[in-house]
Amino acid sequence: MSYIKVTASALAIAAVSATSAAARDNVQIAGSSTVLPYASIVAEAFGENFDFPTPVVESGGSGAGRKKLCEGVGENTIDIANSSSRIKQSDIDLCAQNGVTEIQEVRIGYDGIVFASDINGPSFAFTPADWHAALAAKVVKDGQLVDNPNKTWADVRADLPAQDILAFIPGTKHGTREVFDEKVIIAGCEENGTLAAHEAAGAEDAEDACMQLRTDGVSIDIDGDYTETLARVDANKNGIGVFGLSFYQNNTDKLQVATMNGVVPSVESIAKGEYPVSRPLYFYVKNAHLDVIPGMQEYIEFFVSDDMAGPDGPLAAYGLVSDPELAKTQEMVRNRTPMGPLN
């Protein structure tokens, strides 16, 4: 199946949900704000090229989307959950408790988490250790664990700009936050020696101690989508926001991006495995709805088709890094292969 057209309006969708469905013959989708623009592009193209209503795509965060997927089976529950982090065994267990016994895991490609600031401000070259030293509640000074005293980025590392530390990071309901915690905060905590210091101090869970962030207004959780983060950076010129690569790429007139470990985030550096803060993107399918909701199987197959998710498709044009194992995903989708337990 090749798509006929993808309109300019579809390609322009960044973080807006589709309009509400008038009837339950629409596929209903919720979850990750990172996956939202890709799903919105596919949904609009699907509505234009198939004899099915346009799917309804809503945001709300990866965790919230997976929770909604697991509420049960029936027309009053969603069909698909978008997720920028992998499903947890606790999600699978909740699904099973509520009668959702078969779930497909569909990997659509890859994305990077980037650190971007006002386009007219100073440029930044970060390491994960810098971010941990800037945001952690406890850091090591003179060999001792102390409350974080750092006020500017130059306090963190002398060659960084002497700009007040102010970070807008994803809230805890977002899949991006899980990746940020793992690949930036915990990795940085290990790099700068704070993890070892927590262990030496007898912390019951040193990684959890690493993830405790300061509460003095320097680190601000954003529960909305990236458009809210952008608005915060625009209103606070010292602010640095955590974004998905594709959102940054579509806002280069307002934002400049920092390097991480000396690597510029890009489709190419993520595809080569060079950029350290990247992650796979998914959606999760409730198999029990496949033969009940009109167009659901067709939508899923269309999403992962070469025409949409391939390296020359509109999702790649928007910023998705195409999955080199896309053909394997396409076969799993055709076969409706459910995932097994994670542990």
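This briefing walks through the domains, one kinked helix, several salt bridges and a handful of single residues in the structure above. The model is a predicted one. The domain assignment splits the chain into domain 1 (22-110 + 280-335) and domain 2 (112-278). A search of the whole structure turns up 17 salt bridges, and helix H7 has a kink of about 35°.

**How the two domains meet**

- Domain 1 is made of two stretches, 22-110 and 280-335, while domain 2 is the stretch 112-278.
- Between the C-alpha centres of domain 1 and domain 2 there is a distance of 29 Å.
- On the domain 1 side 16 residues make contact, and they meet 15 residues of domain 2.
- The size of an interface is often given as the accessible area lost when the parts come together.
- Here, domain 1 and domain 2 bury about 1200 Å² between them, with carbon and sulfur atoms giving 53% of that area.
- Within domain 1, the residues that lose the most area to domain 2 are Ser-33, Tyr-318 and Val-321, which together make up 35% of what that side buries.
- The interface of domain 1 and domain 2 is crossed by 1 salt bridge under the rule used.

**Helix H7 and its kink**

- H7 runs over residues 175-191, and its 17 residues should span 24 Å at 1.5 Å a residue; the end C-alpha atoms are 23 Å apart, which agrees.
- The kink of about 35° is centred on Asp-181, and Asp-181 is itself one of the buried residues of the helix.
- Other buried residues of H7 include Gly-175, Thr-176, Arg-177, Val-179 and Phe-180, and further along Val-184, Ile-185, Ile-186, Gly-188 and Cys-189.
- After H7 comes Gly-193, with a positive phi near 90°.

**Salt bridges worth a look**

- Side chains of opposite charge can pair when their charged atoms come close.
- Arg-107 and Glu-325 form a salt bridge, with their closest N and O atoms 3.0 Å apart.
- Arg-107 sits in strand S4 (residues 103-118) and Glu-325 in the loop between helix H15 (314-318) and H16, so this pair ties together parts that are 218 residues apart in sequence.
- Both partners count as partly exposed: Arg-107 at 21% relative accessibility and Glu-325 at 41%.
- Asp-118 and Lys-237 also meet through their side chains in a salt bridge, at 3.3 Å from N to O.
- Asp-118 lies in strand S4 and Lys-237 in the loop between helix H10 (226-235) and strand S10 (240-244), so the pair ties together parts that are 119 residues apart in sequence.
- In this pair Asp-118 is buried, with a relative accessible area of 10%, whereas Lys-237 is partly exposed at 45%.
- Lys-237 has a salt bridge with Asp-234 as well, where the closest N and O atoms are 3.2 Å apart.
- Arg-66, Asp-91 and Glu-178 are joined into one network by salt bridges that share partners.
- One salt bridge pairs the side chains of Glu-178 and Arg-66, at 3.6 Å from N to O.

**Two buried serines**

- Ser-32 lies in the loop between strand S1 (28-31) and helix H2 (36-49), and Ser-32 is buried, with a relative accessible area of 1%.
- Beyond its neighbours within four places in sequence, Ser-32 is in contact with Ser-59, Gly-61, Ser-62, Asn-82, Ser-83 and Ser-84.
- Ser-246 belongs to helix H11 (residues 245-249) and is buried, with a relative accessible area of 4%.
- Leaving aside neighbours within four places in sequence, Ser-246 is in contact with Tyr-38, Asp-111, Tyr-318 and Gly-319.
- Ser-246 and Ser-117 are 129 residues apart along the chain, and their C-alpha atoms are separated by 15 Å.

**Positive phi outside glycine**

- Asp-142 is not a glycine, yet its phi is positive at about 50°.
- Asp-142 is placed in the loop between strand S6 (138-141) and strand S7 (144-147), and it counts as exposed at 80% relative accessibility.
- Arg-336, another residue other than glycine, has a positive phi near 55°.
- Arg-336 is found in the segment after helix H16 (326-335) and is partly exposed, with a relative accessible area of 27%.

Technical notes:
Residues numbered from 1 in each chain as written. Predicted model: local features only at pLDDT ≥ 70, side-chain atom pairs only at ≥ 80, totals over all residues. Heavy atoms only, no water. Helix = DSSP H or I, 4+ residues; strand = E, 2+ residues; numbered from the N terminus. Expected span 1.5 Å × (residues − 1). Bend = angle between axes of the 7 residues up to and from the residue. Buried < 20%, exposed > 50% of the residue type's maximum accessible area, 1.4 Å probe, protein only. Domains from an automatic or database assignment. Contact = heavy atoms within 4.5 Å. Buried area = accessible area lost by both parts, 1.4 Å probe. Salt bridge = Lys/Arg side-chain N within 4 Å of Asp/Glu carboxyl O.
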